[in-house]
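Welcome to a short tour of a protein model. Please keep the sequence and the viewer open as you read, and follow along residue by residue.

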Amino acid sequence: MLLVLLFAACSGDDSDPVAAPLDLDSETHIQIAVHNWSSQRVSAEVIGTILQTAGYTVDLVQADTRAVYQSMCDGEIDIVHEVWEGPFGLAFEEQVDKGCVLDWATHSAVTREDWWYPSYVGELCPGLPDWNALDECAVLFGSQENPSRGRFLTGPLNWLKGDEQRVAALQMNFDVIHMESAGALFEELESAVANRTPIVLFNWTPSYIEFIHDGSFVEFPSFEEECPIDPSWGDNSALTHDCGNPSNGYLKMAISQRLPERWPLAADLIARIDLTNEMLASMAALVDVGGLEPAEAAATWMAANPAIIALWTG
Ligand code: TMO
């Protein structure tokens, strides 16, 4: 499969593919978006292989996680198979409302991304997972340079998770510290766990982390659609983001309007693909723990799960 770099500048990935061939043929090939986290990259390869096996020509195209829905309307991308409600729901639904992106399937997986702590931190800060309790324990998470404020560790700035806004809206005694990659973030987790030092960081499910560490998400005021856009909503009537991220987020598959017109059998085929948390976590683990490349991980995963592949491909 051809891997093409479309929006390299927007990607927050630490291991972007380098190939940027210009012979991409978006007129005759089905274009599958590739994002910058492991489960997505492995499942993109799995879907690409399924379509190739059915006789289609497929390109895997590196794409920004929010701009991709506009790209679908521009005829550049046909399949985005991991639409996470929390971070990408708004950008996706905007284009669905316009009609050029189709809400094609809802996976069984439930998604969540938010502040998270390993379970021993719960013993150090009774009252967790409530966010007020966390805020009262903020100094536990302080640094030598700044012992009076807690540190919340998160990913690169271009992940745009809105945590600075949330800290401001909820008037929390925390600084938001950006790591340069997911790898760097989870290295901090590993070293904190090894020393049992207090840590609160950005995490998500499904991911490989839940395979190796027990922990919990912090419970903020429940998400509602108005929260990130309407300052008057919530406890802070002057600021947005006075809530958590969705805690039971959907995982959807988006397709371009043209896909079922041009390749109706391919559209039917991929509608049968149903991803679960367990599938995505195991795909991610092959890369993040096992060290495989996404294509190798996909081949390994498909070989280990023939019954699932048979179910999807009929
Ligand atoms: C989909 N992700 C949790 C990586 O933002």
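## An aromatic pair across the chain

A note before we start: this is a predicted model. Let us begin with Phe-220, which is buried because its relative accessible area is 9%, under the 20% limit. The partner of Phe-220 is Trp-115, and the two rings form an edge-to-face aromatic pair. Their centres are 5.4 Å apart, with 80 degrees between the planes. Trp-115 is buried too, because its relative accessible area is 0%.

If you follow the sequence, this pair links distant parts of the chain. Trp-115 belongs to strand β6, residues 112-118, while Phe-220 is in the loop between β11 (215-217) and β12 (251-256). The two residues are 105 residues apart.

## More rings, and charges above them

What else do ring pairs link to Trp-115 and Phe-220? The cluster they belong to also holds Trp-131, Phe-141, Phe-152 and Phe-174. The count for the model comes to 15 aromatic pairs, with a cut-off of 6.5 Å between ring centres.

Another of these pairs is made by Trp-301 and Trp-312, and it is stacked. Here the centres are 6.2 Å apart and the planes differ by 25 degrees. Trp-301 is in helix α12 (residues 294-304) and Trp-312 in helix α13 (residues 306-313), with their positions 11 residues apart in the chain. Trp-301 and Trp-312 are both buried.

Charged side chains also sit over rings in this model. Arg-166 lies over the face of Phe-220, 4.3 Å from the ring centre, so you may like to display Arg-166 together with the Trp-115 and Phe-220 pair. For Tyr-250, the charged end of Lys-252 is over the ring, at 5.1 Å from its centre.

## The second largest pocket

Next, a look at empty space. The second largest pocket has a volume of about 560 Å³. It is lined by 24 residues, and those closest to its centre are Gly-86, Pro-87, Leu-90, Phe-223 and Pro-228. Two elements give two or more residues to the lining: α3 (85-98) and α6 (163-169). The largest share, seven residues, comes from α3.

What is the make-up of this lining in nonpolar, polar and charged residues? It divides into 10 nonpolar, seven polar and seven charged residues. And where does the pocket lie with respect to the domains? Domain 1 (4-110 + 249-313) and domain 2 (113-217) both give residues to the lining, so the pocket lies between them.

## Two positions to compare

Is Ala-91 buried or exposed? Ala-91 lies in helix α3, and it is buried because its relative accessible area of 18% is under the 20% limit. Thr-65 is 26 residues away from Ala-91 along the chain, and the C-alpha atoms of the two are separated by 9.0 Å.

Pro-126 is found in strand β7, residues 126-129. With a relative accessible area of 64%, Pro-126 is over the 50% limit and therefore exposed. Between Pro-126 and Ala-271, which are 145 residues apart along the chain, the C-alpha separation is 45 Å.

## Backbone details to check

Which peptide bond is cis, with omega near 15 degrees? That is the bond from Leu-128 to Pro-129, and Pro-129 is in strand β7. A cis peptide bond also joins Thr-205 and Pro-206, with omega about 0 degrees. Pro-206 lies in the loop between β10 (201-205) and α8 (209-212).

Positive phi values in residues other than glycine come up as well. Phi of Leu-160 is near 50 degrees, and Leu-160 lies in the loop between β8 (150-154) and α6. Leu-160 is exposed, because its relative accessible area of 57% is over 50%. His-241 has a positive phi of about 70 degrees, and its place is in the loop between β11 and β12. His-241 counts as buried, because its relative accessibility of 17% is under 20%.

Key:
Residues are numbered from 1 along each chain as its sequence is written. Side-chain values use heavy atoms; hydrogens and water are left out. Rings of Phe, Tyr and Trp (its six-membered ring) pair if their centres lie within 6.5 Å; planes under 30 degrees apart count as stacked, over 60 as edge-to-face and the rest as tilted. Helices (H or I, at least four residues) and strands (E, at least two) are DSSP runs, numbered from the N terminus. Buried means under 20% relative accessible area, exposed over 50%, partly exposed in between (1.4 Å probe, protein chains only). A charge sits over a ring if NZ of Lys or CZ of Arg is within 6 Å of the ring centre and within 35 degrees of the ring normal. On a 1 Å grid over the protein atoms alone, a cavity is a set of points where a 1.4 Å probe fits but cannot get out, and a pocket is an open set with protein on both sides within 12 Å along at least five of seven lines; lining residues have an atom within 4 Å of a point. Grid points are joined across faces, edges and corners, and a volume is the space filled by probe spheres set on the points. Ala, Val, Leu, Ile, Met, Phe, Trp, Tyr, Cys and Pro count as nonpolar, Asp, Glu, Lys and Arg as charged, and the others, Gly among them, as polar. Domain bounds come from an automatic or database domain assignment.
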